[in-house]
Amino acid sequence: MTGGELNILYRIFSNSGDNPEKIFILGTQWDALNNPEKDWKQQKNEWVKYLSTENCYGSAEKASKNIVHVAAYLQNLCRDFADTGLKDDRDKFKTLYSIAMKLLDIMMPNEIAEHLEELMEKSNVSGVNRRITQDIVPRYKEYLMKDIVASYETISKEIKQFFEDTKASNSEVLQTSSKSVDEIRASYEKSKKELEEVQAYREQLELAINQLKANTDERVEQLCNALNEMMKNA
């Protein structure tokens, strides 16, 4: 993980709406490691160290659970082998054989067929799909409501602070005898305008929330259909 990638992740966590558990990080090209099982364990431990801080997952347990390896190319090679045996693509067959030797200690090329399902499971593509369909999609309403509540609480604090500042400002104006009537009236008009802006902003927020609620079910259904279609074609 480069420094630039880590900074991107930090920005993603800062916009997670206090729900870091909904963020999943995929370690791709797992099959390209020299010793995938051993090397990934070391690499993941390093990632967990950087991402278990309070501004990220908040604990090593959550970070370890949501950092997942995947090898999409291995999945594709296995799929192609199941379809054609890779008889017409020796380079892909050699690559698959090389990966199989690393992962399963396969010694002979003709052993690939009998270990194909095990290799596909090693790619963890189906595991990632299960995490999406079982851990993320079913909880979308919970995540959505947490985000809405957090956003609304932020706006509420801003509105409360605005009224407190306005009250203090108006009190100062009224208590200062040197202020003219015109100055007091101008301050009142300014406060009135600011209040109208806050009320308009609040109405926009409520409208956005209602629209978001109305569109969520349809978006999630589309996501589920897309995932199902992807798995059928995988």
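Biologist: How many salt bridges does the structure hold?

Modeller: This is a predicted model, and the structure holds six salt bridges.

Biologist: What makes K122 and E37 a salt bridge?

Modeller: Their side chains meet with N and O 2.7 Å apart. The limit is 4 Å between a side-chain nitrogen of Lys or Arg and a carboxyl oxygen of Asp or Glu, so the pair qualifies. K122 lies in helix α6 and E37 in helix α2, so the salt bridge ties together parts that are 85 residues apart in sequence.

Biologist: Why is K122 called partly exposed?

Modeller: Its relative accessible area is 24%. Buried means under 20% and exposed means over 50%, so K122 falls in between. E37, with 42%, is partly exposed too.

Biologist: What makes R130 and E121 a salt bridge?

Modeller: The N to O distance for R130 and E121 is 3.2 Å, and the cut-off is 4 Å, so the pair counts. R130 is partly exposed at 36% relative accessibility, and E121 is partly exposed at 41%.

Biologist: Which residues do salt bridges with shared partners join into one network?

Modeller: R79, D80 and K92. Within that network, D80 and R79 have their closest N and O atoms 3.5 Å apart, which is within 4 Å and therefore a salt bridge.

Biologist: Is D80 buried or exposed?

Modeller: D80 has 17% relative accessibility, and the limit for buried is under 20%, so D80 counts as buried. R79, at 28%, counts as partly exposed.

Biologist: Why is the pair of F13 and Y57 called edge-to-face?

Modeller: The ring centres are 4.8 Å apart, within the 6.5 Å needed for a pair, and the planes stand at 80°, over the 60 degrees required, so the pair is edge-to-face. F13 sits in helix α1 and Y57 in the loop between α2 and α3, 44 residues apart. Both residues are buried.

Biologist: What makes W40 and W47 an edge-to-face pair?

Modeller: Their centres are 5.5 Å apart and their planes at 85°, against limits of 6.5 Å and 60 degrees, so the pair is edge-to-face. W40 and W47 are both buried.

Biologist: How many disulfides are there?

Modeller: Zero. As for cysteines, C56 is buried at 5% relative accessible area, and C78 is buried at 0%.

Biologist: What is the phi of L86, and where does L86 lie?

Modeller: L86 has a positive phi of about 55° although it is not a glycine. L86 lies in the loop between α4 and α5. Its relative accessible area is 3%, under the 20% limit, so L86 is buried.

Terms used:
Residues numbered from 1 in each chain as written. Predicted model: local features only at pLDDT ≥ 70, side-chain atom pairs only at ≥ 80, totals over all residues. Heavy atoms only, no water. Helix = DSSP H or I, 4+ residues; strand = E, 2+ residues; numbered from the N terminus. Buried < 20%, exposed > 50% of the residue type's maximum accessible area, 1.4 Å probe, protein only. Disulfide = S-S within 2.5 Å. Phe/Tyr/Trp six-rings, centres within 6.5 Å; stacked < 30°, edge-to-face > 60°.
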